[in-house]
Amino acid sequence: MFGVTAHRVTVLILAVVAGSGFAAASAAGKSVKVVNYEFRPKAVTVEKGERITWKGVRGSHNVTFKRSPFSRRRFDRDIFEGRRFSKRTRREGRFRYICSFHDHLGMRGKVIVE
Ligand SMILES: [Cu+2]
């Protein structure tokens with residue numbers, strides 16, 4: 001009984017936190033359209049802390065960074081038609097990424113964080 005209540009409270013708090021994060025993301029940041037077979041624009045420049053949103057317009061793709069602007073880990077995320085994801089940049093530098101499905105077609109992009 002108590003477990004269920006605690007769980008509901010946690011879900012509510014997460015929803016509020018996620019909601020405020022989304023509002024901040026829409027206020028600033030850059031977006032990249034993902035189409036067959038390119039990232040538009042190919043390069044985006046943002047300030048550290050700014051968000052980047054990838055929007056799936058056409059086809060099934062991914063965003064793969066060996067060195068990412070988000071953390072020290074490699075970053076790899078699928079992006080399908082009609083879907084989107086947003087990430088906050090946390091590291092300065094120039095970061096190249098690819099769609100690993102279509103790298104051979106030159107499906108590559110770049111993020112510059114200043
Ligand atoms: Cu692709």
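1. Two strands count as paired when DSSP finds at least two bridges between them. With that in mind, Phe65 of β5 can be placed in this predicted model: the bridge partner of Phe65 in β6 is Phe75. Strand β6 covers residues 75–79, and β5 pairs with β6 in the antiparallel sense over five bridges.

2. Before going further into the strands, a word on the whole chain and on confidence may help. The protein has one helix and nine strands, and, read along the sequence, the helix is followed by the strands in the pattern α-β-β-β-β-β-β-β-β-β. The average pLDDT is 85, and 76% of the residues score at least 70. Over residues 9–27, however, the pLDDT is below 50, and beyond near neighbours in sequence this stretch has three contacts in the model, a point to keep in mind when looking at that part of the picture.

3. Two figures describe the protein as a whole. Of its 114 residues, 17% are buried. Among the contacts between residues at least 6 apart in sequence, 51% join residues at least 24 apart.

4. An open sheet of four strands is present, with the order β2-β1-β4-β7 and mixed pairing. Its edge strands are β2 (38–40) and β7 (84–88), each of which pairs on one side only, and from one strand to the next the twist averages 20 degrees. Strands of a sheet pair through backbone hydrogen bonds, in either the parallel or the antiparallel sense. Here β1 and β4 run parallel and are joined by five bridges, whereas β4 and β7 run antiparallel, again with five bridges between them.

5. Which residues stand beside Trp54 in the neighbouring strands? On one side, Val32 stands opposite Trp54 of β4, and in β7 the bridge partner of Trp54 is Phe85. For Thr53, the bridge partner in β7 is Ser86.

6. Trp54 also matters to a description of the nonpolar interior. The largest nonpolar core holds 13 residues, of which Val32, Val34 and Trp54 touch the most other members. At least two residues of this core come from each of β1 (30–35), β4 (51–56), β5 (61–65) and β9 (108–113). Leaving aside residues up to four places away in sequence, Trp54 touches Val32, Val34, Val63, Ile79, Arg84 and Phe85. As a general background, nonpolar side chains in soluble globular proteins tend to be buried together.

7. How do the side chains alternate along β5, and which of them are buried? His61, Val63 and Phe65 point to one face and are buried, while Asn62 and Thr64 point to the other face and are not buried. Val63 is thus placed on the buried face of β5, and Val63 is also among the residues that Trp54 touches.

8. The start of β4 and the loop before it deserve a separate look. Glu50 lies in the loop between β3 and β4, and Arg51 is found in β4. Are these two residues buried, exposed or partly exposed? Arg51 is partly exposed because 19 other C-beta atoms lie within 10 Å, where 20 or more would make a residue buried. Glu50 counts as partly exposed because it has 17 C-beta neighbours inside 10 Å.

9. Both residues have partners that are distant along the chain. Arg51 and Lys30 are 21 residues apart along the chain, with their C-alpha atoms separated by 6.5 Å. Glu50 and Thr89 are 39 residues apart in sequence, and from C-alpha to C-alpha they are 5.8 Å apart in space. Not counting residues up to four places away in sequence, Glu50 touches Thr89 together with Ala28 and Gly29.

10. Finally, two cis peptide bonds should be checked by anyone reading the backbone. One of them joins Asn36 and Tyr37, with omega at about -10 degrees, and Tyr37 is found in the loop between β1 and β2. Another joins Arg40 and Pro41, with omega at about -5 degrees, and Pro41 lies in the loop between β2 and β3 (43–46).

Definitions and conventions. Residues numbered from 1 in each chain as written. Predicted model: local features only at pLDDT ≥ 70, side-chain atom pairs only at ≥ 80, totals over all residues. Core = buried A, V, L, I, M, F, W, Y, C linked by C-beta atoms within 7 Å. Buried ≥ 20, exposed ≤ 12 C-beta atoms within 10 Å, placed from the backbone. Contact = placed C-beta atoms within 7 Å. Axes fitted to C-alpha atoms, helices over the stretch in contact; angles between N-to-C directions. pLDDT = per-residue confidence, 0-100.
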